Amino acid sequence: MKQWTKHDARSSQTVEADQFNEQHKSFRSQMTGLDRAQYPENCVVPGNLVGNAAHKVWVFAPWDTGVANALGEQTALRSAAADTRGDQWMAGTYINHTSGWVTVFETTLAPFKGGNLMVEWAGNSAIQQFFHWTTNARWAPPVRSHPNDKYMALRILVNGVVLTERLGPAKPIDHFIVSGAQQLPSGPVTLTCQMNPTGAGPDDAVVDDSGSENHLMQAHLFSNRVVAIGRWR
Amino acid sequence: MKGQTLQIRVVGGMQQDVPQDPKAASLIENWTVDRASTGLSSRVGYEKYRPNPAVQWAPFQALPRIDSLFVAQQLPGGARQSILFESGGALYLFYEVGQAATLVNLGGRKVPSNTEASSVYCQVGDRIVVTNGQDAPLIINPWPLPRASGISATVVDQIVRPLGFAGPPPQPNALEVATLESTSTVGSAASFSGNATSNWYPTNGNAINYPNLFGHGYADGTDGAVTNDYRYKVTFLLDTGSESPLSESAAFRWTISNGHLGFRYAPTIRLPLGPKGTKARRVYRTLEGESTYYFVADVRNNVEELFHGFRATNALGFEAPSAEDSTVLPAPRARVCASFKDCLFLDGGANESDTVFFSKPGFIDQFGSTDYIRLPSDGGAVTGLYSYYNNLIIFRENGVDVVTGSYPNFTAQTVTRQVACRAPNSVDSVPGMGVFFLAQDGVYILKGGLDGGAVFQVVEIGQPIDRELRRLTEECAPRAVGKYSPLDRTYHLYLPVDGDDRPSLGVLYHVEKQGWSIRTGFPVGCLGRLHGGEIIFGHNTGAEAGQGTEAGLFVMSAIRSLGGSIQDDVYVTGPPPISHYQSAWHDFGDAQTKKQVQYVTLWVATTGSVTLNLKHYKDFEHEAVGQNYKYLAQPPDAKDQPVYDSAITDLDTWQESRLVPIRIPVAQQSCSWFKFGIETADDILLVGYEIEYTSRGTQVIAGKTA
């Protein structure tokens with residue numbers, strides 16, 4: 001329903017809650033507060049905004065620091081050096097992961113004042129791509145081989161709810177950007193980044209044949225950045 | 001030296017006669033009552049009905065003044081709110097469903113002269129009746145409508161139609177009954193070639209089952225040959241359920257000659273088509289050779305032309321209505337209308353100006369020929385009708401009557417012959433007060449009733465602003481408009497003054513203050529009330545004032561501007577109204593003792609770093625003794641409250657308005673009477689004030705000798 005002015009915010013006038021609410025209530029089903037067009041001219045300039053008054057940006061560089069020998073690598077599901085071939089990463093392997101979502105990065109965004117949250121997760125990934133054909137899948141006829149696609153699904157969750165989910169990189173070495181945005185109420189926001197690399201197929205090698213049976217890499221993330229932008233007013 | 005103090009805790013309404021009540025004000029112009037403090041707030045203004053500046057005045061840009069306005073409510077929550085208005089000789093429906101903004105022209109209407117009241121609207125169920133004393137009364141059904149782009153001329157045609165019946169239905173056309181010839185093989189008569197039907201039903205049980213169910217008339221007589229005489233009449237049923245007068249009859253006669261016996265017949269009539277709004281046609285007929293009509297059947301459309309009277313006599317329904325039960329619209333030039341006790345009341349218009357007609361209850365198009373009240377002729381013409389509790393108030397040129405009772409036993413009584421209202425659109429009821437209306441000599445309220453021993457009282461309430469009301473252009477008083485708004489609990493009355501032919505001064509009665517204020521700069525032509533209680537008005541000049549000037553519908557709101565204008569093709573809001581407050585002339589208890597006023601302390605609710613501009617006067621002089629005392633509406637002895645433009649978002653907190661005393665020293669020499677005034681275009685909340693003065697007891701010298 002159409003509404004007309006209940007409170008005309010003018011220069012030099014007290015920022016009065018009752019007046020604001022009067023207008024706010026009349027628009028309750030339509031918008032959240034005074035429209036910028038209802039402010040006095042030049043009412044909101046950098047001079048009268050404190051930091052984070054209207055928005056906040058968080059930048060995370062997971063695994064850059066804080067973990068010994070991390071070197072920009074994921075620390076979740078990382079095999080020990082002793083299990084790993086010398087020419088491969090200390091990565092997630094078929095031995096320490098079979099299937100399912102694994103949290104690789106989690107943090108709390110605060111203060112979040114309610115409004116729009118945009119999250120962008122960018123990085124590089126490596127996945128084991130050599131065994132991408134199989135003949136022994138249950139559904140596969142015996143004489144023909146079939147695709148055994150390997151990829152690494154990625155998703156971002158806010159407060160435990162999926163914000164965005166992608167099939168993810170499907171090349172041995174690839175880069176990715178996953179992003180999503182959502183309106184959220186005020187309060188701390190738990191931001192979670194998860195990966196789900198494809199499990200081993202029936203014909204896949206999971207260890208090498210060197211005799212020591214070093215674990216082969218399944219998937220690996222490196223050089224990641226997570227940027228979150230909260231906008232409110 | 002500490003002086004004496006006169007304290008006015010909450011300012012009152014205007015009082016122009018002197019000496020004044022200390023609480024009263026000499027002038028309250030462009031203020032409203034602040035709900036939080038019951039003080040005066042200058043937060044008034046008006047804005048476009050369509051707030052979007054990009055649309056400028058569309059779709060009203062070409063319309064001259066809006067002559068009349070009505071807002072119909074049909075569903076809770078403001079859904080199906082329909083705005084009807086007249087401008088430039090046309091009646092419009094403003095279609096705004098789904099963000100549309102389309103003017104639907106419902107047809108031409110006479111533009112009221114400056115001395116005539118504009119159209120009167122009355123909502124009855126989902127219909128709206130419109131009368132203006134010149135054109136035929138209309139009945140409008142503003143819902144449902146297709147999408148704006150689909151409002152074709154055909155759709156418009158279905159929205160509006162004339163009220164009532166212009167005449168009885170045309171006589172139905174009787175087709176000849178072609179009887180059978182009883183030969184060895186039964187066949188149609190060869191001699192009938194058109195305008196005849198032969199609907200026959202054997203009467204012998206050996207021929208068909210249930211031989212007596214269909215057809216009518218004698219199949220044979222005691223001595224062989226027999227003649228059948230029947231008559232048929234029809235009525236129209238409108239979409240309001242109203243039934244028209246009976247048509248002239250269509251007569252049938254057929255003879256069954258000896259030797260051709262054994263068949264009944266169903267005669268056929270050609271039905272007339274009804275006027276716009278006809279949903280069905282009802283057929284009546286007599287018994288053989290008689291004159292009383294009985295219901296035969298309803299034809300539930302307005303399309304079919306042939307009707308076969310197959311129904312046997314023993315299957316007929318109720319008796320047809322009498323000639324008194326429905327007649328042509330008795331008031332084809334009705335000026336005013338109202339809904340009361342489920343009946344539609346119309347005045348008789350110019351030709352029968354002291355008569356009111358009422359419809360059958362629930363059937364607003366159907367008027368019985370005896371359903372009218374002839375009012376005492378000394379009251380003059382009916383000028384307004386208003387339903388109020390258990391009464392219908394009839395405003396007349398020279399008095400006020402009231403109708404009580406219920407259909408058909410309505411009776412009229414005279415309330416007064418001393419007060420009259422000639423402005424039907426100024427009448428509105430105010431909660432807890434009564435019915436407000438503009439009379440020729442002021443504003444009155446009608447309160448009370450006639451039930452349970454109560455009496456009607458006509459009380460003058462406009463006396464405190466009589467000087468303003470005397471400015472009324474009397475000949476144009478019928479153009480005055482008034483409406484109560486629950487949003488500001490105020491009765492808004494706009495009247496033409498100082499020779500203007502259209503409303504130019506607003507006078508407002510504030511229920512919370514039990515007092516008056518005035519409004520200037522609001523170009524009200526006519527008033528309506530929206531679902532939310534906002535007062536909507538039609539512009540009093542519109543495009544008459546020139547291309548690009550304000551036109552169309554506006555809403556009174558808290559915006560701090562008076563409308564707007566188009567500058568370089570861009571909509572620009574207007575300047576805020578100037579609000580004036582002038583206190584009463586205070587004599588501090590004794591006018592002959594001279595006083596020295598030292599301070600005026602205004603009790604204001606803080607509104608920020610806006611300027612209070614005070615001036616003061618003495619002894620009824622027009623020139624101020626001192627002026628330009630400028631103070632901020634901030635707490636005088638505490639930190640300034642943050643204001644827009646300088647408040648730091650996320651650091652400063654939202655504020656509450658605080659009641660603070662702002663003490664203003666005034667340099668006033670001795671006076672008998674004192675008053676002060678405030679003039680502002682800023683947001684000010686004036687709650688009360690104190691005046692501090694001293695007196696050495698000096699008395700005014702003796703009057704000048706002649």
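Strand β39 and strand β40 (residues 515–519) of chain B pair in the antiparallel sense, and 5 bridges hold this pairing together in the description of the predicted model. Strand β39 itself covers residues 505–510 of chain B, and because 6 of its 6 residues are buried, the strand is largely enclosed by the rest of the structure. The points below begin with this strand and its neighbours, then turn to chain B as a whole, and end with the contacts between chain A and chain B.

**Strand β39 of chain B and its partners**

- Both faces of β39(B) are covered, with B:L505, B:V507 and B:Y509 buried on one side, and B:G506, B:L508 and B:H510 buried on the other.
- Between β39(B) and β40(B), B:V507 has B:I518 as its bridge partner, the latter residue lying in β40(B).
- The hairpin formed by β39(B) and β40(B) has 4 residues between the strands, and in this hairpin B:Q514 takes a positive phi near 50 degrees.
- Strand β38 (residues 490–495) of chain B is also joined to β39(B), in this case by 6 bridges, and these two strands likewise run antiparallel.
- Where β38(B) is concerned, B:T490 finds its bridge partner in B:H510, a residue of β39(B), and B:H510 is among the buried residues of that strand.

**Chain B as a whole**

- The secondary structure of chain B is made up of 2 helices and 52 strands.
- Chain B has a radius of gyration of 35 Å, whereas the globule rule gives 27 Å for 706 residues, and because the value is well over that figure, the chain is more spread out than a compact globule.
- Taken along its principal axes, the C-alpha trace of chain B spans about 130 × 60 × 40 Å.
- Of the 706 residues in chain B, 46% count as buried.
- When contacts in chain B between residues at least 6 apart in sequence are considered, 63% of them join residues that are at least 24 apart.

**Domains of chain B**

- The domain assignment divides out two parts of chain B, namely domain 1, given as 4–43 + 579–694, and domain 2, given as 173–315.
- The centres of domain 1 and domain 2 of chain B, taken over C-alpha atoms, are separated by 87 Å.

**Contacts between chain A and chain B**

- On the chain A side, 28 residues are in contact with 32 residues of chain B.
- Sorted by class, the side of chain A that touches chain B has 14 nonpolar residues, together with 9 polar and 5 charged ones.

Technical notes. Residues are numbered from 1 along each chain as its sequence is written. Chains are lettered from A and ligands numbered from 1 in the order in which they are written. This is a predicted model: local features need pLDDT of at least 70, side-chain atom pairs count only at pLDDT 80 or more; totals for chains, interfaces and linings use all residues. Domain bounds come from an automatic or database domain assignment. Two residues are in contact if their C-beta atoms, placed from the backbone, lie within 7 Å. Ala, Val, Leu, Ile, Met, Phe, Trp, Tyr, Cys and Pro count as nonpolar, Asp, Glu, Lys and Arg as charged, and the others, Gly among them, as polar. A residue is buried if 20 or more other C-beta atoms lie within 10 Å of its own, exposed if 12 or fewer, and partly exposed in between; C-beta atoms are placed from the backbone. Two strands pair if DSSP finds at least two bridges between them. The radius of gyration is taken over C-alpha atoms; the globule rule is 2.2 Å times the number of residues to the power 0.38.
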